[in-house]
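Please work through the exercises below with the sequence and the 3D structure open beside you. Try each task before you read its solution.

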Amino acid sequence: MTNSLSWSAAWRIARRDLNARFKGLRLLLACLFLGTGALAAIGTLTGAIEGELAERGQEILGGDVQVALWQRSPTAEEQAAFARYGEVSGGTRMQVMARTGDAAGPVELKAVDAKWPMFGALVLADGTAAGAPKAGEAWIAQGALDRLGIALGDEFTVGTVTLRAAGIIDSEPDRLGEGFQLGPTVIVAEDVPQTAGLIAPGAMYRSKYRIAFSGSQDPEEVRDALKEEFPSAGFEIRTRDRASPGADRFVSRMGEFLTLVGLAALVIAGIGIGGGVASYLEARRSSIATLKVLGATSTDIARIYALQIGAAALVGSVAGLLVGLLVTPLLSMALEGLLPVESGFTFSPGALLLAAAYGLLVALVFAATPLVRARHFPAMALMRARVAPLARDKAALAWVGGGLLVIVALVLVTSRQPVLAAGFMGGAAAMLGLLALLGWAIRKAATKAPRPASPLLRNALANLHRPGASTGALVTALGFGLSAFVLLAAIQSAIDGNIERRVPQEAPDYFVLDIPRDRVTEFEQLIHEDQPEAAIRTVPALRGSILAYGPQDAMIRVSELEEIPDGAWALRGERGLTYADEVPAGNSIVQGEWWGPFYEGEALVSVDEEFADAIGLKIGDRITIGVLGVERSARVANFRQIDWESMGFNYVLVFSPNALRDAPHNLAATIDLPDGAATGPLLRKMVGAFPSSSVIEIGEVLVQARTILSQVGLATLAAASVAVLAGLAVLLGAIAAARAARTYDTVVLRVLGASRKQVLAMQLAEYGLLAAILALVALGIGTGLGWLVITQLFEFDWLPDWGAIFGVLGAGLAVVMLFALGGSLPLLRAKPAQALREL
């Protein structure tokens with residue numbers, strides 16, 4: 001052959017040589033299947049949820065723009081401003097107690113007007129669409145019926161009004177936009193809160209007014225105009241483009257994390273692909289040599305085996321895409337009701353194409369080196385490859401470098417957080433470089449290390465640096481595999497630690513809201529008559545927003561900030577406010593001085609030290625807040641350290657009494673009951689005597705919090721498990737790539753008189769030595785990556801369980817040794833005569 005084969009002729013040869021079951025290329029298939037499947041499922045699901053959030057923005061929000069206010073309704077002037085932009089629907093949201101003769105429970109009361117819902121439809125359990133209920137009736141969630149022990153058509157009481165359960169809520173159009181709630185929903189007519197005596201000066205309620213545009217206004221421009229027209233009104237304004245910021249932020253963060261995990265799994269598995277392709281080509285060494293003897297050119301060799309590897313890569317990628325598509329409906333079913341995603345089949349061409357592109361590019365990058373190396377050598381060099389290993393081919397660098405550049409560009413272009421993605425890619429490159437450097441260092445150290453007296457250990461040490469040694473590949477494989485084990489343990493244990501820390505085991509039995517100030521003595525007497533040993537703590541409870549902060553002559557207006565500083569979450573919307581004579585329980589002064597009891601001087605405020613640090617606040621600066629539409633200013637007197645682990649009252653801002661005492665407000669209370677105390681009778685007494693107050697049982701709240709954090713932990717565990725599987729694939733690839741050389745070594749040792757037991761011990765000693773060194777490296781890499789995920793991506797505290805991490809690392813080492821044993825046993829069955837004839 002003097003001319004190169006055509007692609008069609010090369011494919012005929014490749015197809016004949018390619019085993020129908022892809023024998024020799026199954027590791028490549030498995031690696032691509034794993035990586036592309038994970039990326040396809042993650043991308044499809046994330047895209048579907050984000051699409052729903054974008055397309056159903058009006059329905060989720062209930063309008064084009066929503067204006068929310070705490071503890072007051074909009075003034076006539078404010079309502080007129082709303083009406084300029086279109087149709088307006090208003091209502092009230094508040095936490096109240098619903099009760100019957102024998103039962104009581106907290107519910108989320110949602111009072112709506114006749115125009116609700118302006119977008120979407122409320123669907124009842126019988127399939128009918130409904131709007132606002134009639135007077136004396138309520139649409140009620142099934143959970144409220146179960147809690148109160150009533151059925152459809154029965155009556156229950158809210159405040160001083162008796163209502164009939166006229167329908168069971170099946171689907172609420174703006175449920176996701178309402179946010180987190182502490183009880184099942186009860187929808188009533190607009191006037192019910194006022195009629196029931198639930199609306200009074202100081203009561204904790206929220207007014208929500210939705211605007212449906214009459215024209216083609218820009219929601220962002222409308223929001224800015226309302227903020228500018230009413231800068232001190234305390235408006236919390238959301239637009240249809242960000243109808244549910246919490247869900248949008250959660251989906252974005254989790255999607256970004258899962259995508260990076262899937263990409264990490266694919267990159268890690270790519271190293272396994274390289275090992276698998278090298279092993280496959282080594283097994284085809286005689287075939288390549290024969291083709292070269294018959295006149296095949298280097299280009300022919302490249303085409304034939306590139307087509308084989310490409311076919312296997314395509315099959316593995318397509319299989320992964322199909323499985324990713326099939327898994328997505330199952331994930332959608334798990335999230336149905338929590339996020340706006342349909343439970344049926346979801347097809348996202350962009351996500352599938354991106355996953356396939358990543359898979360094929362990774363296959364190209366990691367298969368290029370062994371493929372290009374095999375094409376440039378004459379037949380005799382290939383025939384003698386086992387005793388004279390092939391040198392590296394620099395031509396592969398162009399393919400590898402080009403493929404890596406395309407992957408990096410694709411990641412950065414498609415990422416929602418390019419900085420995070422760039423950091424990930426940089427970290428992956430640094431990790432590869434570190435492991436390559438470590439492999440080189442181990443080989444150099446092995447050449448200079450003293451020779452052990454034991455022949456087995458001496459041979460194990462020599463195997464680390466002899467010509468053709470696979471030390472570099474094994475270091476990379478073991479490093480990634482063990483790091484994946486440590487990463488998994490670090491993330492899971494840190495999330496468990498956050499559950500234990502953020503969701504305390506001990507907490508008050510009840511939170512009570514909206515206790516009238518003039519009835520606090522009566523409230524305490526009622527509790528102590530039923531439970532004499534109960535501990536009660538009451539605090540003033542108000543709502544307000546921070547409008548400005550900083551030095552008096554250079555205060556910063558929050559409305560003028562382009563971006564909220566990191567850690568300054570208290571600047572977003574309205575927050576709880578209180579005042580006190582003494583330092584709150586669980587707080588300690590870290591800078592400045594407390595004002596003391598009976599203080600009547602200049603209005604002062606105590607600030608959480610973390611929040612103060614986030615916004616650059618100093619002692620003596622001023623803070624201006626808006627309470628019920630009125631601006632109030634106070635000087636910063638001190639900074640406090642807050643014990644957020646307690647389930648008591650913790651406020652970012654605590655004012656001196658003279659700063660807020662004259663504002664309309666009620667009290668809130670926590671109640672600690674003795675162990676084993678019956679709670680049912682006391683709950684009914686409190687609800688009966690204080691119908692306008694809301695009683696929240698903390699046990700149910702803790703269950704919800706633990707469930708949410710556990711779900712996050714489960715999702716993270718599943719995602720990190722993909723990386724662990726990829727790490728194991730890398731180890732399999734390294735063992736497979738070294739199989740031919742190991743067979744030759746084993747045969748030579750057997751001919752020289754070594755027993756099978758000695759050969760096996762030598763192999764295990766080599767792997768054990770590498771694993772022991774890399775365990776320390778994996779500990780640093782895995783915990784470092786875990787810290788980044790927990791603190792920077794999820795914004796949790798770094799609370800790992802080191803005992804669990806070391807335990808999992810030990811289990812990883814055991815798995816490595818089992819893999820080494822499994823890879824060594826077939827070598828012992830090699831027949832010396834047959835193996836020597838094949839050299």
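The exercises go from the whole chain to single helices, cores and charged pairs.

The structure is a predicted model, in which local features need pLDDT of at least 70 and side-chain atom pairs count only at pLDDT 80 or more, while totals for chains, interfaces and linings use all residues. Residues are numbered from 1 along each chain as its sequence is written, and side-chain values use heavy atoms, with hydrogens and water left out.

**Exercise 1. The whole chain**

Describe the chain by its helices and strands, its buried residues and its contacts.

Solution. Begin with the secondary structure: the chain has 26 helices and 22 strands, where helices (H or I, at least four residues) and strands (E, at least two) are DSSP runs numbered from the N terminus. Next, take burial, for which buried means under 20% relative accessible area, exposed over 50%, and partly exposed in between, with a 1.4 Å probe and protein chains only. Of the 839 residues in the chain, 51% are buried. Finally, turn to contacts, meaning heavy atoms within 4.5 Å: among those between residues at least 6 apart in sequence, 80% join residues at least 24 apart.

**Exercise 2. Two helices and their buried faces**

Find which residues of helix α4 and of helix α10 are buried, and explain how they are placed around each axis.

Solution. Recall a general point before looking: an α-helix has 3.6 residues a turn, so residues three or four places apart point the same way. In α4, which spans residues 76-83, the buried residues are Glu78, Ala81 and Phe82. They lie on the same side of α4 because they cover an arc of only 100° around the axis, the arc being that of the directions from the helix axis to the C-beta atoms. The face turned away from this buried side carries Ala76 and Glu77, which are exposed. The cover over the buried residues of α4 includes β1 (65-70), β2 (86-99), β10 (206-213) and α8 (219-229).

Now repeat the steps for α10 (residues 285-293), where Arg285, Ile288, Ala289, Leu291 and Lys292 are buried. Seen down the axis of α10, these residues fall within an arc of 160°, so they line one face of the helix. After α10 comes Gly295, with a positive phi near 110°.

**Exercise 3. The nonpolar cores and a surface patch**

Locate the largest nonpolar core, name the residues that touch the most other members, and then find a nonpolar patch on the surface.

Solution. A nonpolar core is a set of buried Ala, Val, Leu, Ile, Met, Phe, Trp, Tyr and Cys residues joined through side-chain atoms within 4.5 Å. The largest one has 76 residues, and Leu28, Ile273 and Tyr305 touch the most other members. Its largest share, 12 residues, comes from helix α12 (residues 349-375). Follow Ile273 as an example: leaving aside its neighbours within four places in sequence, Ile273 is in contact with Leu28, Cys31, Leu32, Val362, Ala363 and Phe366. A second, separate core of 28 residues includes Ala568, Val607, Phe639 and Leu653.

For the surface, note that patches are made of residues with over 30% relative accessible area and no salt bridge, like charges being joined within 9 Å and nonpolar side chains (Val, Leu, Ile, Met, Phe, Trp, Tyr) within 5 Å. Leu314, Val318, Leu322 and Leu360 form such a nonpolar patch, with about 340 Å² of accessible area together, an area that comes from the Shrake-Rupley method with a 1.4 Å probe, only the protein chains shown counting as cover for residues. Helix α11 (residues 298-335) gives the most to the patch, with three residues. Leu322 lies in α11 and counts as partly exposed because its relative accessible area is 49%.

**Exercise 4. Salt bridges between distant parts**

Which parts of the chain does each of the pairs Arg210 and Asp174, and Asp530 and Lys685, link?

Solution. A salt bridge is a side-chain nitrogen of Lys or Arg within 4 Å of a carboxyl oxygen of Asp or Glu, and the count by this rule comes to 17. Arg210 and Asp174 form one at 2.9 Å, N to O. Here Arg210 is in strand β10 and Asp174 is in the loop between β8 (161-171) and α6 (175-178), 36 residues apart. Both residues are buried, and they belong to a network of salt bridges that also links Lys110 and Glu172.

Asp530 and Lys685 meet at 3.0 Å, N to O. Their pair links helix α18 (residues 520-530), which holds Asp530, to helix α21 (residues 680-689), which holds Lys685, across 155 residues. Lys685 is partly exposed, since its relative accessible area is 41%.
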